[in-house]
Amino acid sequence: MVFTSKHEESSPPIVWITGGGSGIGRSLAHTLSNMGWIVVISGRNREKLIKTAATGGKQPIQQMTLDVTDPQSVSRVIGEIERQYGGIDYAFLNAGDYSPMRLKEFNLELFHRLNDVNYLGVVNCLAALLPGMRQRAQGQILITASLSAYRGLPGAAPYSATKAALINLAESLQPELSQLGIRIRLINPGFVATELTEKNDFKMPFLITPAMAAEAIQNQLLSKRFEIRFPTTFSWIMKALSWIPYRIYFALMRRLLK
Ligand SMILES: NC(=O)c1ccc[n+]([C@@H]2O[C@H](COP(=O)([O-])OP(=O)(O)OC[C@H]3O[C@@H](n4cnc5c(N)ncnc54)[C@H](OP(=O)(O)O)[C@@H]3O)[C@@H](O)[C@H]2O)c1
């Protein structure tokens, strides 16, 4: 493996993964640690982080608890990583929350909660990461949004709106960050079998395992593309849906609701 950071080849990249205590984040932590990278995982629940570290990875996986909705705890963890290991080369802003919501169950609290975790949680991480990355003129930030955010989907408004906001955020920041030597990228997964999607009561098309998701991320990590998306066929279907006229799109969605 050729390391793409400014580190010497003998000095592996430093990786930070939020939401590393389960699902995609856990598998990704195992995959990157198996590549010899220094991996630090974060989440609210210490037991889940310990389980990630105990169940895989060649290199020991470090754990630091935080709540992404609390800017102070985010700053504390990033400061701690940089003191102990050096500047973060790859920050995977992967922590997220989800609950389906049909219109008849309109839930204001859910909108606020998902916005605080999924969208503002990422903004809190950016605010704490960017000063160090700007100083080093180096670093890569990978934000996990979703294929479900290309277009509004019935039954997922509080969730997919936050993920659409993340796509817009990354697109907005990319031009200026690239001039500073910092890469910002999107990871857009399709359906992955995790605690998050256990709440879905429908058959999820093109469902993959967290290990398959981590492999897809690993395979596209060293590419120059802005967007890492998978699984391929489903991602093209979702892209195509985002290109069709509203009239046809809404007719299709109404059929889906039946
Ligand atoms: N599964 C899918 O089909 C799918 C598809 C598209 C996108 N995604 C996105 O992929 C990412 C990972 O999700 P997943 O499917 O792997 O689900 P998951 O297993 O539920 O992982 C989500 C992680 O986020 C952490 N988290 C939640 N709230 C947090 C907070 N306030 N502060 C810090 N950490 C927090 C959780 O840990 P704690 O509870 O310990 O805090 C958990 O480990 C999410 O952003 C999700 O939206 C998933």
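Helix 4 and helix 5 lie roughly parallel to each other in this predicted model, because their axes, which come within 9 Å, cross at roughly 20 degrees, and angles under 35 degrees count as roughly parallel. Besides that pair, there's an open sheet of 7 strands to look at, a ligand with 31 residues around it, and a couple of backbone oddities, at proline 231 and alanine 137.

**Helix 4 with helix 5**

- Helix 4 covers residues 108-136, and helix 5 covers residues 157-179.
- Their crossing is right-handed.
- On the helix 4 side, the contact is made by Leu110, Phe111, Leu114, Asn115, Asn118, Tyr119 and Val122; helix 5 brings in Pro158, Tyr159, Thr162, Lys163, Ala165 and Leu166.
- Sort the residues of this contact by class and you get 9 nonpolar, 3 polar and 1 charged.

**Helix 4 with helix 3**

- Helix 4 also meets helix 3 (residues 71-84): the two axes come within 9 Å and cross at roughly 35 degrees.
- Here, too, the crossing of helix 3 and helix 4 is right-handed.
- From helix 3, Pro71, Val74, Ser75, Ile78 and Glu82 do the touching, and they meet Asn124, Cys125, Ala127, Ala128, Leu129 and Gly132 of helix 4.
- The class count for the contact of helix 3 with helix 4 is 7 nonpolar, 3 polar and 1 charged.

**Helix 1 with helix 6**

- The axes of helix 1 and helix 6 (residues 210-221) come within 8 Å, with a crossing angle of roughly 55 degrees.
- That angle makes helix 1 oblique to helix 6.
- The crossing of helix 1 and helix 6 is right-handed.
- Helix 1 makes the contact through Gly23, Ile24, Arg26, Ser27, Leu28 and Thr31, while helix 6 uses Pro210, Ala211, Ala213, Ala214, Glu215, Ile217 and Gln218.
- By class, the contact of helix 1 with helix 6 splits into 7 nonpolar, 4 polar and 2 charged residues.

**Around the ligand**

- Of the 31 residues around the ligand, the ones that come nearest are Gly19, Gly23, Arg44, Asn45 and Gly96.
- Helix 1 (23-34) and helix 4 each chip in at least two residues of that shell.
- Helix 1 gives the largest share of the shell, with 3 residues.
- The shell around the ligand has 16 polar, 10 nonpolar and 5 charged residues.

**The sheet**

- Reading across the open sheet, the 7 strands come in the order 3-2-1-4-5-6-7, and the pairing is parallel.
- Strand 3 (62-63) and strand 7 (227-230) are at the edges; each has a single partner strand, so one side of each has no neighbour in the sheet.
- Further in, strand 5 (residues 140-144) and strand 6 (residues 183-189) run parallel and are joined by 5 bridges.
- Isoleucine 143 sits opposite leucine 186 in strand 6.

**Backbone oddities**

- Some background first: most residues other than glycine have a negative phi, and most peptide bonds are trans.
- The peptide bond from phenylalanine 230 to proline 231 is cis, with omega near -10 degrees.
- You'll find proline 231 in the loop between strand 7 and helix 7 (232-243).
- Alanine 137 isn't a glycine, yet it has a positive phi of about 50 degrees.
- Look for alanine 137 in the loop between helix 4 and strand 5.

Key:
Residues numbered from 1 in each chain as written. Predicted model: local features only at pLDDT ≥ 70, side-chain atom pairs only at ≥ 80, totals over all residues. Axes fitted to C-alpha atoms, helices over the stretch in contact; angles between N-to-C directions. Helix = DSSP H or I, 4+ residues; strand = E, 2+ residues; numbered from the N terminus. Parallel < 35°, antiparallel > 145°, perpendicular 65-115°, else oblique. Left-handed = near helix turned anticlockwise from the far one by under 90°. Contact = placed C-beta atoms within 7 Å. Nonpolar A, V, L, I, M, F, W, Y, C, P; charged D, E, K, R; others polar. Near = placed C-beta within 6 Å. Pairing = 2+ DSSP bridges.
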